[in-house]
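Reader: Could you take me through this one and tell me what stands behind the words you use?

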Amino acid sequence: MAQADDARCLAAAAALAERARPLASPNPGVGAIILADGVVIGRGWTQEGGRPHAEAMALQQAGEAARGAALYVTLEPCAHRSPRGPACADLVAEAGLARVIIGMRDPDPRTAGSGLDLLEQAGLIVTEAGLSSEELGLSGHMAQLQLGRPHVTLKLAMSLDGCIAMAGGESQWITGEAARAHAHRERARADAILIGGETLRADNPRLDVRLPGLALRSPRRMVLTRSDAPDGWTAINSPAGIATLDDVRYLFIEGGSGAAAAFLAHDLVDRLLIYRAPMLIGGGRASIGDIGLGDLASAHDRWRLDDTRQLAQDRLEIFNRRR
């Protein structure tokens, strides 16, 4: 197959992996596709609770037809044996596949290239696409292993002049229904959602997912505060506290210029979702507070614009932190 075809198949596998997020925790959400003579004969994604893995699901669906076929999987098949199930590298090696194409190597030290070694030793042709964790939906997995914390997305809904509310605090609604629905979709992809203590006291927001069929995907609610959290909430007293959240791979920050500024000042934001409404407020509340920049030069080259899209009258811009 041509390289372009490999890229399309891996993109399709990454789309399947979206179905696993965030239900696959504590394992990363992985997607897999098995192709024979240009026809998909098996597909799978990590199941709720982390097992079965994507490769096992795809192989089960393909059955004996997997012999001589090609497997596309977003993450290197795991090499470590577990009481919860066999190593995927063993399953793949025993299935009689001819070729395996992976999106990226697994940085987990229990695998970290060992899965590829097992496959090559079994005589399979192994190709590494070298795609980014963002392309493969594995940013949370990478952040946990390489940074020791969740992947953090900061959402800001603002006017053209950067205001998130009127001077008196009125903010419902700056953006329209389409933008708000997209934000709820992003909530559903997160393990936890965080706001500042001031926002909690002023608004007591629900922070649930209000999209048909996705209500059960509402994330765990967290608040940045030095006070005790109310029932149903988890408190962290500083941005650095997210390093203790072992069960959170994806953290979504929504609400409060103070919380936004605190995480930006600690350089703990990996992704920005900026929803811009076509309005000017003038004299309203700024989207973020002081983030501690000492000079203008240090503000440059921190963010990479990766996507823009129109959501009815509003504009969404997606930035990723350059690291």
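Author: What follows is a short round of questions about terms, each set against its cut-off.

Author: First, the ground rules: this is a predicted model, where local features need pLDDT of at least 70 and side-chain atom pairs count only at pLDDT 80 or more, while totals for chains, interfaces and linings use all residues. Residues are numbered from 1 along each chain as its sequence is written, and side-chain values use heavy atoms, with hydrogens and water left out.

Reader: Why is Thr199 called buried?

Author: Buried means under 20% relative accessible area, with exposed over 50% and partly exposed in between (1.4 Å probe, protein chains only). Thr199 has 15% relative accessibility, so it counts as buried. It is found in helix α8 (residues 197-203), where helices are DSSP runs of H or I, at least four residues, and strands are runs of E, at least two, numbered from the N terminus.

Reader: And what does Thr199 touch?

Author: Contact means heavy atoms within 4.5 Å. Leaving out residues up to four places away in sequence, Thr199 touches Asn204, Pro205, Gly255 and Gly256.

Reader: What makes Ala261 buried or exposed?

Author: With 5% relative accessibility, Ala261 counts as buried. Ala261 lies in helix α9 (residues 257-265) and touches Gly289, Asp290 and Ile291, again not counting residues up to four places away in sequence.

Reader: How do you know that β6 and β11 pair?

Author: Two strands pair if DSSP finds at least two bridges between them. Strand β6 (residues 151-159) and strand β11 (residues 250-254) have five bridges, in the parallel sense, so they pass that definition. One bridge joins His151 to Tyr250 of β11.

Reader: Which sheet do they sit in, and what makes a strand an edge there?

Author: The sheet is open, with eight strands in the order β10-β9-β8-β11-β6-β12-β15-β14 and mixed pairing. β10 (234-236) and β14 (303-311) each have a single partner strand, so one side of each lacks a neighbour in the sheet, and they stand at the edges.

Reader: Which buried residues does α6 have, and what covers them?

Author: In helix α6 (residues 139-147) they are Ser139, Gly140, His141, Met142, Ala143 and Gln144. The cover includes β3 (70-75), β4 (99-104), α5 (133-136), β6 and β11. After α6 comes Gly148, whose phi is positive, near 70 degrees.
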